[in-house]
Amino acid sequence: MPATIEYEPNDICVLRISGTLKRSEFAALQEGMANKIDAGAKPRLLAIAENFDGWERGADWNDLDFLVSHSGEIAKIALVAEPRWEVGALGFAGAGVRRAPVKFFPLTELAQARACRAQDRQEGRS
């Protein structure tokens with residue numbers, strides 16, 4: 001499966017994507033995160049796209065149910081990918097639309113992206 005999510009302590013959720021992201025896989029990941037949020041989590045999402053080929057063509061990516069119902073509970077989002085995916089990834093993540101700050105990091109700055117998510121939690125910031 002080219003898309004997986006790992007739940008780490010302190011509400012850090014690590015989403016790993018490779019290959020082509022399929023709508024059905026993404027919907028399943030959203031459902032799992034929605035369950036965590038419903039249980040009280042305030043996720044800090046670290047999305048890592050390695051060997052990423054893009055999004056499934058022809059799929060209905062316009063389903064905004066998760067964005068409307070749960071995105072307000074996501075504290076921060078860090079996106080890590082090749083620079084060529086920056087604009088598309090920021091748009092896909094809803095940068096500027098959701099309350100949570102969304103920041104892009106190139107793959108070479110994975111450690112900085114991870115540290116940014118963890119530091120905010122340690123300092124008590126969202």
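1. Surface. In this predicted model, the protein chain exposes an accessible surface of about 7,000 Å². Carbon and sulfur atoms account for 51% of that area. Of the 126 residues, 39% count as buried.

2. Overall dimensions. The C-alpha trace spans about 40 × 35 × 25 Å along its principal axes. The radius of gyration is 14 Å. A compact globule of 126 residues would have a value near 14 Å, so the chain agrees with that expectation.

3. Element order. The chain holds 4 helices and 5 strands. Read from the N terminus, they run β-β-α-β-α-β-α-β-α. Contacts reach far along the sequence: of those between residues at least 6 apart, 74% join residues at least 24 apart.

4. Main core. The largest nonpolar core has 24 residues. Met33 and Leu79 have the most contacts inside it. Five elements are listed as giving two or more residues to this core: strand S2 (12-21), helix H1 (23-38), strand S3 (44-55), strand S4 (76-81) and strand S5 (102-106). H1 gives the most, with 5 residues.

5. Leu79. Which residues does Leu79 touch, leaving aside those up to four places away in sequence? Its partners are Ala47, Ala89, Leu90, Ala93, Val102, Lys103, Phe104 and Phe105.

6. Second core. A separate core of 8 residues is also present. Among its members are Ile12, Leu46, Ala78 and Ala113.

7. Aromatic pairs. The structure holds 7 of them. One is Phe26 with Trp61: the ring centres lie 6.0 Å apart and the planes meet at 55 degrees, so the pair is tilted. The cut-off matters here, because only planes over 60 degrees apart count as edge-to-face. The two rings come from distant parts of the chain, 35 residues apart. Phe26 belongs to helix H1, while Trp61 lies in the loop between S3 and helix H2 (65-70).

8. Burial of that pair. Are Phe26 and Trp61 buried or partly exposed? Phe26 has 15% relative accessibility, so it counts as buried. Trp61 has a relative accessible area of 22% and is therefore partly exposed. The limit for burial is under 20%.

9. Aromatic cluster. Phe26 and Trp61 also belong to one aromatic cluster, together with Phe52, Trp55, Trp85 and Phe92.

10. Charge over a ring. The charged end of Lys36 sits over the ring of Tyr7. The distance to the ring centre is 4.6 Å.

Definitions and conventions: Residues are numbered from 1 along each chain as its sequence is written. This is a predicted model: local features need pLDDT of at least 70, side-chain atom pairs count only at pLDDT 80 or more; totals for chains, interfaces and linings use all residues. Side-chain values use heavy atoms; hydrogens and water are left out. A nonpolar core is a set of buried Ala, Val, Leu, Ile, Met, Phe, Trp, Tyr and Cys residues joined through side-chain atoms within 4.5 Å. Buried means under 20% relative accessible area, exposed over 50%, partly exposed in between (1.4 Å probe, protein chains only). Contact means heavy atoms within 4.5 Å. Rings of Phe, Tyr and Trp (its six-membered ring) pair if their centres lie within 6.5 Å; planes under 30 degrees apart count as stacked, over 60 as edge-to-face and the rest as tilted. A charge sits over a ring if NZ of Lys or CZ of Arg is within 6 Å of the ring centre and within 35 degrees of the ring normal. The radius of gyration is taken over C-alpha atoms; the globule rule is 2.2 Å times the number of residues to the power 0.38. Accessible areas come from the Shrake-Rupley method with a 1.4 Å probe; for residues, only the protein chains shown count as cover.
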